[in-house]
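The following exercises are to be worked with the sequence and the three-dimensional model at hand. Each task is followed by a solution in steps.

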Amino acid sequence: MDFNTYNITGKCRFCHSEGFHRDLMKEYEGNNLSEIYFDIFQECFNLYLCIVSNQSSLICMSCIKQLRDANSFRAMVVKAEQDLLQASERDPVFINISDTWSNKARVEVNTQEMVKLEICDSTLDNDIEDCNLGKQWNSNTNVKSEEILENSFDSYSILDQDCCSDNEIQGENELLSRFAGLKPLPTRHTLYKTYYNFAKQLDSLKGKNVRATDIKALLQKQNKTSSTYVTEKSTLLNNIMQLLQNSNLAPFQPKRRSGILCLYCSKPFDNFQNLHSHQESENCKKSIKKVLNKKCSESLIIYAHINELKCTICNTSLDFNALKAHLMTVHKQKFFPSSERVVPFKLIKGNEFICQICGFSFETFGSIERHMNTHYRNYVCECGAGYMTKNRLKVHWRYSHKNGVFPCEICKKTFPSQHKYNCHYDVVHRSVKKNKCTKCPARFADYFNKHKHMVEVHGEPPLEYRCNVCDAIFKRRYALLCHVRRRHLEMKNVDCELCSYKCYTVTELKVHMIKHVGERTNQCSICKKAYARKKTLKEHMRIHANDRRFVCAICGQGFVQNCSLKGHMRSHHADSDLAKG
C-alpha cells in the first residue's frame, strides 16, 4: 500500500493538468479506507480505461474528489434501491401529503392491507375463473368467486382520467399527489382510445374460462413455433444444393484457362462430355456442401453445364426454366425466396454456346458469360450495369468508375484505370501467358492466339462470325460489328467536338484528334521535319530511302505514297481503264 500523498509528476489522465499526482493502478489510504482509483472508476461508471505505455496513468486531487463524490452517490442509490426492494416484499405503505406544501407536512401512514383476489374452487382442475375487479375495494371483506362472476366485464374500471374520486382506487390519490405529472390509470372507456387491440382482446375473453393448463400449453406452443432467422448464405446454399442434388447438372469452375475444372474435385477435362461422365461415375456430389461452404455469399455463383437435363428423382426430362418449379410442386422440395445463383450453359456443335434463358448463341465462353449478366441482375450499379454477384459489381466499379492516370514507368504510356495498366504490364513487359492449351503444354498471352493454336495444331473448328447481309466472314465479333456499322448501316455516330468530322469508331476519332491537339513529337533524323503521327513519319522516311513501292502499271513510274500514284493516274492516264476503276 502506498501512503505517499503525491509522489509522481506528470499529466492527469482526465483533466490533463500538470503537477504531482497519484497513480490510477496503485493502492492508497483515504477516508480510513484503501482506494484503487482504477477499480473505483470501473465500478462506478462501468467503463474500462485503456492503459498503454505512451499514455498517462495519473489522476489529480481534483479528479479524485469528483470520483469519490460519484462513488458516494452511487452507493446511496444502491442502498435506496435495496430498501425499496425490501419494502416491496411487505405490505405497501401509503404516505398522504397535503396538496399545499406547508412548513409542517402532515403525514398519514395507512397500514391497511390491500385486498387480494382469492382463487376459488382450486380443487376443480385448477381452473382460473373469469374474474373481474368490482367497483368496491373493501379491505374488510373477502371477495367471493360468485360475486366476481356476477360482475360483468365492463365493470373492470380502474380509474378514468376524467372520473370522480368515488371511482379511485384506495391510495391512488396519495400516489398522484407525491409525483407531479403522473397520469391516472386507464379505464375501459379510455382503453379503447389508447390500446384498441388490447381492449378487443379483453372483449374476446368475456365469459370464457381460462385454465392454467391452457396457458401452459399456449406458452409451450409459442416456444416451439418461435421465429427462426435464416441467413442469406443459408438460403442460397439450400437452393443451389436442391438443384444440383436432384438433377444431372454438371457444375464446373469458371476459370477455363487450364481446361474445364470439376467444381467438386478441381480435376481438369478437355470437354463437357467427359465432365458429365466423371461426375456421374465418381459420385462427386457427396462433397457438395463442403465445397459450397467455402464460398462467401457475395461471390457465390455456380456455373452448370446442361446435357439432356432431367430430374434424378423421377427421371423426367425437362428444361432448366421448369426444373425449380418441378421440384417444388411435384417433389415438395423447399426453396427459399432469393436471387438465382445457378447459371446454366449448353455447348453444342464446335464452340457455339446457347443461352438457356433467351436462346441466343455465342461463339466463345467469355461472350456468353458476359451476356448472362443481363439475365442475373442481382446487383445493379448506379450506371445501370447489372451483375450476378456483389463481388463482380465491386470489380466493375473499381475498373470502370474509379478512373485516374496510371502511367507505365517502363514505356511511359498512361492508362485510365488500374485494370488496364495491370493488363498492359503483364502482357507487354512481363510476358505473362495465362491461357494454357488443354491438349499440350503451350501457353498464350490471350484467348485468340490460343484458339488459333487449337485450330492449326489440334484441328478444332475455327471461330467464324458471318455477316447476315453480305456473307462476309470475320474472326472476331467486334470486327463484324464494325463491318455492319460501316458498310451496311453507315452509322457515323462518333462526332468530333472541335469540327464537323464524323467517324465510325472511337479509334478513328483518336487518330483525327491529333490534328487538333497533337504535338509534333515524331521528328525525322535526317531533315528534322516533325510529324504528329508515327505512321506519317514512317511514310516520310521512304523518301530518304527512295522506297518507291507504288508503281504505275502503265508507264512504270514509281511513287513513295499511294495517294501520289492515284494523282498520277488521274493527270496522265485519265482515259485508261485503270484510272477509271
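## Exercises on a predicted model

**Exercise 1. Identify the residue of β14 that is the bridge partner of Ile302, and describe the strand pairing around it.**

Solution.
Step 1. The model is a predicted one. In it, Ile302 has Val342 of β14 as its bridge partner.
Step 2. The two strands concerned are β13, residues 302–305, and β14, residues 342–347; four bridges join them in the parallel sense.
Step 3. Between these strands the chain passes through helix α11, residues 320–329, and the resulting β-α-β crossover is right-handed.
Step 4. β14 also pairs with β15 (residues 353–354), here in the antiparallel sense and over two bridges. In that pairing, Leu347 has Phe353 of β15 as its bridge partner.

**Exercise 2. State the strand order of the seven-stranded open sheet and name its edge strands.**

Solution.
Step 1. The order is β12-β11-β10-β13-β14-β15-β16, and the pairing is mixed.
Step 2. β12 (268–269) and β16 (361–362) are the edge strands, each of which pairs on one side only.
Step 3. At the β12 edge, β11 (residues 260–262) pairs with β12 through two bridges in the antiparallel sense. Leu261 stands opposite Pro268 of β12 there.
Step 4. The loop between β11 and β12 contains Ser266. Ser266 is not a glycine, yet its phi is positive, at about 60°. Most residues other than glycine have a negative phi. With a relative accessible area of 40%, Ser266 is partly exposed, because the partly exposed class runs between 20% and 50%.

**Exercise 3. Determine whether His326 and Asn315 are buried or exposed, and locate each residue.**

Solution.
Step 1. His326 is placed in helix α11, whereas Asn315 is placed in the loop between β13 and α11.
Step 2. The relative accessibility of His326 is 12%, so His326 counts as buried; the limit for that class is under 20%.
Step 3. Not counting residues up to four places away in sequence, His326 touches Cys311, Cys314, Thr316, Leu318 and His331.
Step 4. Asn315 has a relative accessible area of 51% and is therefore exposed, the limit for that class being over 50%.
Step 5. Asn315 also has a positive phi, near 60°, in a residue other than glycine.

**Exercise 4. Explain why one side of β1 and of β5 is left without a neighbour in their sheet.**

Solution.
Step 1. Three strands make up this open sheet, in the order β1-β2-β5, with antiparallel pairing.
Step 2. β1 (8–11) and β5 (58–59) are at the edges and have a single partner strand each, so one side of each has no neighbour in the sheet.
Step 3. β1 is joined by four bridges to β2 (residues 18–23), and the two run antiparallel. Gly10 stands opposite Gly19 of β2.

**Exercise 5. Compare the surroundings of Met454 and Tyr192, beginning with the helix that holds each.**

Solution.
Step 1. Met454 lies in α15, residues 447–458, and Tyr192 is found in α5, residues 188–194.
Step 2. Met454 counts as buried because its relative accessibility is 4%. Tyr192, at 30%, counts as partly exposed.
Step 3. With neighbours within four places in sequence left aside, Met454 is in contact with Cys437, Thr438, Lys439, Gly459 and Glu460. Of these partners, Thr438 is 16 residues from Met454 along the chain, and their C-alpha atoms are separated by 9.0 Å.
Step 4. Under the exclusion of residues up to four places away, Tyr192 touches Ala199, Lys200 and Asp203.

**Exercise 6. Describe the aromatic groupings, then place them within the whole protein.**

Solution.
Step 1. The structure holds 11 aromatic pairs.
Step 2. Ring pairs connect Phe252, Phe272, Tyr303, Phe345 and Phe353 into a cluster.
Step 3. Elsewhere, Arg476 lies over the face of Phe448, 3.9 Å from the ring centre.
Step 4. The protein has 20 helices and 30 strands. Of its 581 residues, 28% count as buried.
Step 5. Among contacts between residues at least 6 apart in sequence, 40% join residues at least 24 apart.
Step 6. The accessible surface comes to about 39500 Å², and 51% of that surface belongs to carbon and sulfur atoms.

Technical notes
Residues numbered from 1 in each chain as written. Predicted model: local features only at pLDDT ≥ 70, side-chain atom pairs only at ≥ 80, totals over all residues. Heavy atoms only, no water. Phe/Tyr/Trp six-rings, centres within 6.5 Å; stacked < 30°, edge-to-face > 60°. Lys NZ or Arg CZ within 6 Å of the ring centre and 35° of its normal. Pairing = 2+ DSSP bridges. Right-handed = clockwise from strand over helix to strand, strands pointing away. Buried < 20%, exposed > 50% of the residue type's maximum accessible area, 1.4 Å probe, protein only. Contact = heavy atoms within 4.5 Å. Areas by Shrake-Rupley, 256 points an atom, 1.4 Å probe, with all protein chains shown as cover.
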